[in-house]
Amino acid sequence: QVQLVESGGGLVQAGGSLRLSCAASGRTFSSYVMAWFRQAPGKEREFVVGISESGGSTYYADSVKGRFTISIDNAKNAVYLQMNSLKPEDTAVYYCAAHRRPLGLTPSRYQYDSWGQGTQVTVSS
């Protein structure tokens, strides 16, 4: 388990951009699968994008392909989510998550055992 803290959320107009950051406390950051999830009011927490150990592979939800980009900086123990062309339906609390289980990169929230506190992203129309 690794401690995660998100930041960078806020209010933005449709079509705008935001960059979320997730800071990790551990020294073994590169050995973890990292992912971003989001949860809107009344909905289940859903997978947004994940990146495999050491950043070798990425997997994006169809709803964000071409608009969002995940990246990592192992030296800073950080993962980022660049969000462009934001839509009102992107409004949610965004969570950083991590795991190091054998399954590897997966969209299943049940595999992730490290979670940040969440950061609110609100996109106005």
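Two residues are said to be in contact when heavy atoms of theirs lie within 4.5 Å. With that in hand, the surroundings of Ser52 are easy to describe: setting aside neighbours within four places in sequence, Ser52 is in contact with Tyr32, Val33, Ser57 and Leu105. The model in which these contacts appear is a predicted one, and its overall build is a helpful place to continue before returning to single residues.

The protein holds 11 strands and zero helices. Read from the N terminus, its elements therefore run β-β-β-β-β-β-β-β-β-β-β, and with a radius of gyration of 13 Å, close to the 14 Å that the globule rule gives for 125 residues, the protein is as compact as a globular protein of that length. The C-alpha trace spans about 40 × 25 × 25 Å along the principal axes. Of the 125 residues, 44% count as buried. Contacts across the sequence are well represented: among those between residues at least 6 apart, 58% join residues at least 24 apart.

The surface and the charges complete this general view. The accessible surface of the protein comes to about 6300 Å², and 46% of that area belongs to carbon and sulfur atoms. The protein carries 12 positive and 9 negative charges, and the mean positions of the two sets are 3 Å apart.Ser52 itself sits in the loop between strand 5 (46–51) and strand 6 (58–60). Is this loop residue buried or exposed? Ser52 counts as buried, because its relative accessibility is 10% and the cut-off for burial is under 20%. The side chain of Ser52 also meets the backbone further along the chain. One of its polar atoms lies 3.3 Å from the backbone nitrogen of Gly56, and the side chain reaches the backbone nitrogen of Ser57 at 2.7 Å. Ser57 is also among the residues listed above as contacts of Ser52.

Two further loop residues stand out by their backbone angles. Asn77 lies in the loop between strand 7 (68–73) and strand 8 (78–83), and its phi is near 50 degrees, a positive value in a residue other than glycine. Ser85, found in the loop between strand 8 and strand 9 (92–99), likewise has a positive phi, of about 50 degrees, although it is not a glycine. As for accessibility, Asn77 counts as buried at 16%, whereas Ser85 counts as partly exposed at 42%.

Arg101 is placed in the loop between strand 9 and strand 10 (114–115). With a relative accessibility of 33%, Arg101 counts as partly exposed, since that class covers values between 20% and 50%. Which residues does Arg101 touch, not counting those up to four places away in sequence? They are Tyr110, Gln111, Tyr112 and Asp113. For Gln111 there is a polar detail to add: its backbone oxygen lies 3.2 Å from a polar atom of the Arg101 side chain. Arg101 can also be placed relative to Ser31, a residue 70 positions away in sequence. From C-alpha to C-alpha, Arg101 and Ser31 are 9.9 Å apart in space.

Conventions. Residues are numbered from 1 along each chain as its sequence is written. This is a predicted model: local features need pLDDT of at least 70, side-chain atom pairs count only at pLDDT 80 or more; totals for chains, interfaces and linings use all residues. Side-chain values use heavy atoms; hydrogens and water are left out. Helices (H or I, at least four residues) and strands (E, at least two) are DSSP runs, numbered from the N terminus. The radius of gyration is taken over C-alpha atoms; the globule rule is 2.2 Å times the number of residues to the power 0.38. Buried means under 20% relative accessible area, exposed over 50%, partly exposed in between (1.4 Å probe, protein chains only). Accessible areas come from the Shrake-Rupley method with a 1.4 Å probe; for residues, only the protein chains shown count as cover. Lys and Arg count as positive and Asp and Glu as negative; His and the chain ends are not counted. The place of a charge is taken as NZ of Lys, CZ of Arg, CG of Asp or CD of Glu. A polar contact is a pair of N or O atoms within 3.5 Å; within protein, one must be able to donate a hydrogen and the other to accept it, and residues adjacent in sequence count only if both atoms are side-chain atoms.
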